[in-house]
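Here is a friendly walk through one structure, from its overall layout down to single residues. Have a look at the sequence and the coordinates first, and then read on.

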Amino acid sequence: MPNALATTPVAAKPAATVPAAPAESAPAIERAAVFTAKGLAKTYDMGEFRVHALMDVDLTIYKGEFIVLLGASGSGKSTLLNILGGLDRPSSGTAQFADHDLTHASDDELTLYRRDHVGFVFQFYNLIPSLTVRENVELVTDIAKDPMLALEALTRVGLAERVDHFPSQLSGGEQ
Ligand SMILES: Nc1ncnc2c1ncn2[C@@H]1O[C@H](COP(=O)(O)OP(=O)(O)O)[C@@H](O)[C@H]1O
Ligand SMILES: [Mg+2]
């Protein structure tokens with residue numbers, strides 16, 4: 001993938017990288033592409049200058065793959081994930097999830113895409129400070145199709161004892 005960050009006056013940083021394709025000697029397996037991005041670019045217009053956060057990114061992710069996106073801070077990882085997660089749109093290029101076109105989708109279509117297909121764990125958890133742990137999780141179960149019970153989900157991650165705590169009463173890891 002080409003350098004994901006570019007051009008003056010923004011200092012160039014190493015591009016985020018994705019793992020190389022399997023060696024050619026690996027047996028050929030028919031794999032279904034889940035994510036396909038072609039020529040993806042994202043430019044933030046800052047008035048005086050423009051930040052080229054992504055430039056000409058091609059990416060295919062196949063069903064069942066577990067992907068680590070690795071790169072220096074500022075190399076465009078969050079920008080790419082925001083586009084693949086339907087939170088933002090590219091400046092140019094195309095991004096597709098199965099048969100969902102993420103490039104031209106309306107806001108409503110992206111909302112449904114996120115609701116039905118994407119799970120986010122944000123760097124800053126985006127918990128609602130005035131809601132308890134149980135209520136924060138119930139917010140999601142309100143909009144999900146066929147959701148797991150909040151208490152069951154919290155029990156699975158060892159937080160059954162914390163359901164009535166507020167986010168500020170949790171450790172960083174618990175949050
Ligand atoms: N909303 C924004 N407006 C302007 N520039 C941004 C914005 N978001 C990110 N950037 C810039 O785009 C580049 C890529 O950022 P980002 O995708 O957050 O990097 P990473 O997640 O790899 O640390 C950085 O130079 C960052 O400063
Ligand atoms: Mg980031």
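## Helix H1 and its buried face

This is a predicted model, and a good place to begin is one helix. Which residues of H1 are buried? They are Thr79, Leu80, Ile83 and Leu84. Looking down the axis of H1, you will find these buried residues within an arc of 130 degrees, so they line one face of the helix. The general geometry helps here: an α-helix has 3.6 residues a turn, so residues three or four places apart point the same way.

The cover over the buried residues of H1 includes strand E1 (33-45), E2 and strand E3 (92-97). After H1 comes Gly86, with a positive phi near 75 degrees.

## The chain as a whole

Stepping back, the protein chain contains four helices and four strands. Along the sequence they follow the pattern β-β-α-β-β-α-α-α.

Of the 175 residues in the protein chain, 14% are buried. If you take the contacts between residues at least 6 apart in sequence, 61% of them join residues at least 24 apart.

## The sheet

The four strands form an open sheet with antiparallel pairing, in the order E2-E1-E3-E4. E2 and strand E4 (100-101) are at the edges with a single partner strand each, so one side of each has no neighbour in the sheet.

Now for the pairs themselves. E1 and E2 run antiparallel and are joined by nine bridges; Ala33, for instance, has Tyr62 in E2 as its bridge partner. The hairpin of E1 and E2 has four residues between the strands, and Gly47 in this hairpin takes a positive phi near 85 degrees. E1 also pairs with E3, over five bridges in the antiparallel sense, and there Lys38 stands opposite Thr94 in E3. E3 and E4, again antiparallel, are joined by two bridges.

## A closer look at Gln96 and Phe97

Gln96 is a residue of strand E3, and it stands opposite Asp101 in E4. Is Gln96 buried, exposed or partly exposed? It has 17 C-beta neighbours inside 10 Å, so Gln96 counts as partly exposed. Leaving aside residues up to four places away in sequence, Gln96 touches Thr36, Asp101 and Leu102. The pair Gln96 and Thr36 lies 60 residues apart in sequence, yet the C-alpha to C-alpha distance is 5.2 Å.

Phe97, with the same sequence neighbours left out (up to four places away), touches Val34, Phe35, Leu102, Tyr113 and His117. As a general reminder, side chains in a regular strand alternate between the two faces of the sheet.

## The nonpolar core

How many residues does the largest nonpolar core have? It has twelve, namely Ala37, Leu40, Ala53, Leu54, Met55, Val57, Leu80, Ile83, Leu84, Ala95, Phe97 and Leu102. E1, E2, H1 and E3 are the elements that give two or more residues to this core. E2 supplies the largest share, four residues.

Three of the names may look familiar from the helix: Leu80, Ile83 and Leu84 belong to this core and are also among the buried residues of H1.

## Around ligand 1

The shell around ligand 1 holds 13 residues, and the closest are Tyr44, Ala53, Lys77, Ser78 and Thr79. Strand E2 (50-62) and helix H1 (77-84) are the elements that give two or more residues to this shell. H1 gives the most, with three residues.

By type, the shell divides into five nonpolar residues, seven polar and one charged. Ala53 appears both here, among the closest residues to ligand 1, and in the largest nonpolar core.

## Two loop residues with positive phi

Two residues other than glycine deserve a glance at their backbone angles. Asn126 has a positive phi near 60 degrees and sits in the loop between helix H2 (107-117) and helix H3 (133-143). Asn126 counts as exposed because it has 11 C-beta neighbours inside 10 Å.

Asp146, also not a glycine, has a positive phi of about 50 degrees. The loop that holds Asp146 runs between H3 and helix H4 (150-156). Asp146 has 5 other C-beta atoms within 10 Å, so this residue is exposed.

Definitions and conventions: Residues are numbered from 1 along each chain as its sequence is written. Chains are lettered from A and ligands numbered from 1 in the order in which they are written. This is a predicted model: local features need pLDDT of at least 70, side-chain atom pairs count only at pLDDT 80 or more; totals for chains, interfaces and linings use all residues. A residue is near a molecule or strand if its C-beta atom, placed from the backbone, lies within 6 Å of it. Ala, Val, Leu, Ile, Met, Phe, Trp, Tyr, Cys and Pro count as nonpolar, Asp, Glu, Lys and Arg as charged, and the others, Gly among them, as polar. A residue is buried if 20 or more other C-beta atoms lie within 10 Å of its own, exposed if 12 or fewer, and partly exposed in between; C-beta atoms are placed from the backbone. The arc is that of the directions from the helix axis to the C-beta atoms. Two residues are in contact if their C-beta atoms, placed from the backbone, lie within 7 Å. Two strands pair if DSSP finds at least two bridges between them. A nonpolar core is a set of buried Ala, Val, Leu, Ile, Met, Phe, Trp, Tyr and Cys residues joined through C-beta atoms within 7 Å.
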